[in-house]
Amino acid sequence: MTEISHGVPAGRVGVVRDTAGPARAGFLAKARDLLTRSPIGTVGGLILLAWCMLALLAPWVAPYPPNKIDPALIADPYPSAAHWLGVDHLGRDILSRLIWGARTVLTVAPTAVLGAVVLGVFLGLLSGYRGGIVDAVIMRIGDTLLAFPKIILYLIIIAKFGASAFNIIAVITLSSAPIVARIVRGVTLDIKNRDYVAAARMRGESALFIMFVEILPNARGPLIVDFFLRLGYTTIAIGVLGFLGVGLPPPDPDWGGMVKEAYGMIFVWPHMTIIPALAISSLVIGANFLATGIREASLDG
Amino acid sequence: MAEVLSFEHVSIAYQHRTGRQNILNDVSFTIGEGQALGLVGESGCGKSTVALAAMRYLPRGMLITEGRIQVEGRDTAPLSDAELSKIRGNRIAMVYQDPMSSLNPVMPIGEQLTEVPLLHGETDEKAAFDRAVRMLEEVRLPDAAAMMDRYPHQLSGGQQQRVVIAMALMAEPALLIMDEPTTGLDVTIEAAILALVRDLRAKFGTAILFISHNLGTVARVCDRIGVLYAGRMVETGQISTVFRAPSHPYTRGLLGALPRLKGGRHRGRLRPIEGTITAADRMRVGCAFAPRCSFAVRHECEERPIAMIDMGAGHLARCARLEAVRASAAQDGVAEETTGSANAAAVVLSVRSLSKEYKISSLFGGKKGVVRAVTEVDFDARAGETLAIVGESGCGKSTVARIISGLLDGTSGEVRLGDVDLAKVQVDERPREVRRQVQMVFQNPDSTLNPSHSIGYALMRPLRMLRALATGDAKAEVAKLLAQVRLPAEMAARMPHQLSGGQRQRVAIARALAGNPGLVVADEPVSALDVSVQAAILNLLGELLEQSQLGLVLISHDLALVRHMADHVAVMYLGRVVEYGPVDQVFQPPYHPYTEALLKAAPTPDPDAAPPGAVLDGVMPSPSEIIVGCAFASRCPSRIAGLCDTTPPPIRRFGEHRIACHLDLGGEVQVPVAPGALTGMRSSIS
């Protein structure tokens, strides 16, 4: 194990390093290993896990129905024993809305990121392995997408096709895929010159086999880290879309939408804005911590 | 004589959360003024830790648990950081393996050199500058004054290492520590650097601690040697004594495992050291080498610590069975001679006039030039025989290997396998039968196997792709392949990182054999391995050649290895074959001057070997230069002015043996067919 781990340049750590764990160890064993190795990763994982549990158990743990309006409560909307996080300007329980809102963000964000990874992996492998004109075309299209201000892109597409979960997923997949493709392309350019790829060519493997069986498994380290980082960014993006009013249509709770609705009253009832904003932050921080933890664990294994 | 560096019973341990691990164990030695001690041992034996400890530069977590390290009579343990850093700059200097890690890439080397005296008390910048120029002359860099303005990347690897040595000597240190200073360099450049180190040592009286894995290199510069094994000094003494009468079984093993330049052994078995070093060996109470030693007796070797035994004249060995070992004759490198193959072996592969060119175009598409990686190369590879291609880095030998195996395509010429010409057919276009016939073994054991797939999978795929076996049959065949390369069948379930470098290289050989090929191309198959492991792999290749009618094309820079393995040799320089023939004839006069220079430069672990004398100057021209005459003319010591650099050399034939040279070496002379400006060497089809 030490033979590989010594002298691996830091930048490529994820590529080679990933092999240094116990071979074919079960997923659980690997996860446990990770938890003991990186405290920061553990914290991140716990935050994400907590939100997932809340979202999953929303019908049972949410104290009130999320859309139940009670104008009587607006007289004193602040946190109280009955409403732990207070109520919003329509008298809806903020905690319940956050818990139900977690369901949306936790389905939309991972699905969008997964879409970006699938598309990005395919384009990146193709681009890196084929090179030449294929590479040039794919990467220039990607650059163009990246150069375009994202928010404007979102607004154009959603204004044209309407605000729905599917459209949000599609637009985020499209705008993130080029970044994933770049990562995969970089790893591919490095790995395609390794001797084991030459050996695969010499026994007559197809290009698809080499890309997906010989190269891709060695990119899983950086890809997993990127997945969680991207989960954080996507959470922010969904929040921004909600705040701009092109998120998920009301009245279903949406964290970004909650910030937007209460934003006008920020000087009167600040908690209505700040609490959903904190919820977004916690999810982003959780995802970032977990990504950092995975990277750390793969560094000093 | 004053002692410059002394280690007295030094033990160093690495302290981690769960406990301590010994790194060095009771290491003692002294280096006096002007003396040179060579430290040798396999990777992981603790050589570099000795160097770091001498500088008191140990990484965090490593502590000196016992013993004393003295520099010029001063114990370094109580010194403060400030005092230590004074010693490091002024009294001890260090040269590492990779010169680029010691040179600042954005600073001209002149500035980097002048900095040294300025930091150590010199105030006059002009004086410092002049000293730097003188020092560059001292390390024999051409045009020293102009060199001062160059940046490191403008220098060749050998020149960079000279600059680093100059920088180390600028502070006039009492001790120079060199950690594998020539490992990355070509033999001719290595020989020049080693000669330089010898001369500078004589001139400045600097003591040297020279760390190397190569016994031959150590023999060139040092007068004493220390052999380290698993963190312990197992034998030390004068080099001539130790090499003539090695007394520790491990030293004997190291010397026995080396292929030698002298005398054709023709793939006779080398003596590898059985087994591998394990982490547990460092912690043993008794002899760390006992598990691998054929002399070991349990109660004598393993139960108590073993002291160094003095055999007189400063020759010490740490062995409980010393008398028994010394009573038995030191085994020579080869136990058994094998019979050479019959001469009439069938030609499997014939290469004719093979060339490879790369066109470089400038940014705006205009043609800028042509790089000729390979020019008009001819040779044959025969069934059951080894053809070795030898030459320094950049000579085109790997390009030839990659064209044969189809990873690159040739520009012109033929690579004939049976009736098919493969020169322009890359592997992806080769029919399955042809792919099966030609397989390859790669150099780097770290990248030869996919870290994501098990050994079994790595062997299964070629069986299925090349021999179209069903999964069940392939599984049975994997076990057979593993047995063929002397690995247990359980290996199939392992992942590459669980194997040692030698084991991985065995798997790579098994993978190449999976399709029952007729020809295997091996590109430096053992150069990344330790000597003892290398011997085992060479033995394995030798056995495989005997058993089957496999042809082997062996690419190597190591002449001793080529001498040991090859039946025919092609010596390449700047993309051309300058000498070709049966191994016995190539390694005997008449030589091509380049072959002669390579042979002289090759380090041999022989204390009686004369120093190589004049070694080659200069560097290989760039392959994009247009060569009118002989490619070697710019560096040839016997160049005939006005002829060698203007006219392509004629081919001199001695039967199968041929040399491309203007010198009157005899033989049947054959003038090049097309003496055009660009034709380096051209020989007709034999």
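Chain B of this predicted model mixes both kinds of secondary structure, with 21 helices and 25 strands. Its radius of gyration is 27 Å, close to the 26 Å that the globule rule gives for 686 residues, so chain B is as compact as a globular protein of that length. Chain A is built from 14 helices and 0 strands. The two chains touch, with 20 residues from chain A and 26 residues from chain B taking part in the contact.

**Chain B as a whole**

- If you lay the C-alpha trace of chain B along its principal axes, it spans about 75 × 65 × 50 Å.
- Of its 686 residues, 52% count as buried.
- Look at contacts in chain B between residues at least 6 apart in sequence, and 67% of them turn out to join residues at least 24 apart.

**Chain A as a whole**

- Reading from the N terminus, you go through α-α-α-α-α-α-α-α-α-α-α-α-α-α in chain A.
- Chain A has 301 residues, and 44% of them count as buried.
- For contacts in chain A between residues at least 6 apart in sequence, the share joining residues at least 24 apart is 71%.
- On confidence, chain A averages a pLDDT of 83, and 87% of the residues score at least 70.
- The start of chain A is where to be careful: pLDDT stays under 50 over residues 1-24. The model still has 45 contacts beyond four places in sequence for that stretch.

**Where the chains meet**

- The contact draws on 20 residues of chain A and 26 residues of chain B. On the chain A side, helix H1 (2-5) and helix H10 (195-202) each supply at least two residues.
- H10(A) gives the most to the side of chain A that touches chain B, with 6 residues.
- Sorted by class, that side of chain A has 10 nonpolar, 3 polar and 7 charged residues.

**The nonpolar core**

- As background, nonpolar side chains tend to be buried together in soluble globular proteins.
- Here, the largest nonpolar core has 277 residues, and those touching the most other members are B:Ala166, B:Leu175, B:Leu209, B:Phe210, B:Val553 and B:Val571.
- The largest share of this core comes from helix H6 (residues 94-130) of chain A, which puts in 18 residues.
- What does B:Leu175 touch, leaving aside residues up to four places away in sequence? Its partners are B:Val4, B:Leu5, B:Ile31, B:Arg91, B:Ile92, B:Ala207 and B:Leu209.

**Helix H6 of chain B**

- Don't mix this one up with the chain A helix of that number: H6 of chain B covers residues 157-170.
- H6(B) has 14 residues and reaches 20 Å from its first C-alpha to its last, close to the 20 Å expected at 1.5 Å a residue.
- H6(B) is mostly covered, with 13 of its 14 residues buried.
- Just after H6(B) comes B:Glu172, which takes a positive phi of about 50°.

**A loop residue, B:Ala245**

- You'll find B:Ala245 in the loop between helix H9 (239-244) and helix H10 (249-256) of chain B.
- Why does B:Ala245 count as partly exposed? Because B:Ala245 has 15 C-beta neighbours inside 10 Å, while a buried residue needs 20 or more and an exposed one has 12 or fewer.
- B:Ala245 and B:Pro637 sit 392 residues apart along the chain, and their C-alpha atoms are separated by 37 Å.

Definitions and conventions:
Residues are numbered from 1 along each chain as its sequence is written. Chains are lettered from A and ligands numbered from 1 in the order in which they are written. This is a predicted model: local features need pLDDT of at least 70, side-chain atom pairs count only at pLDDT 80 or more; totals for chains, interfaces and linings use all residues. Two residues are in contact if their C-beta atoms, placed from the backbone, lie within 7 Å. Helices (H or I, at least four residues) and strands (E, at least two) are DSSP runs, numbered from the N terminus. Ala, Val, Leu, Ile, Met, Phe, Trp, Tyr, Cys and Pro count as nonpolar, Asp, Glu, Lys and Arg as charged, and the others, Gly among them, as polar. The expected span of a helix is 1.5 Å times one less than its number of residues. pLDDT is the predictor's confidence in each residue, from 0 to 100. The radius of gyration is taken over C-alpha atoms; the globule rule is 2.2 Å times the number of residues to the power 0.38. A nonpolar core is a set of buried Ala, Val, Leu, Ile, Met, Phe, Trp, Tyr and Cys residues joined through C-beta atoms within 7 Å.
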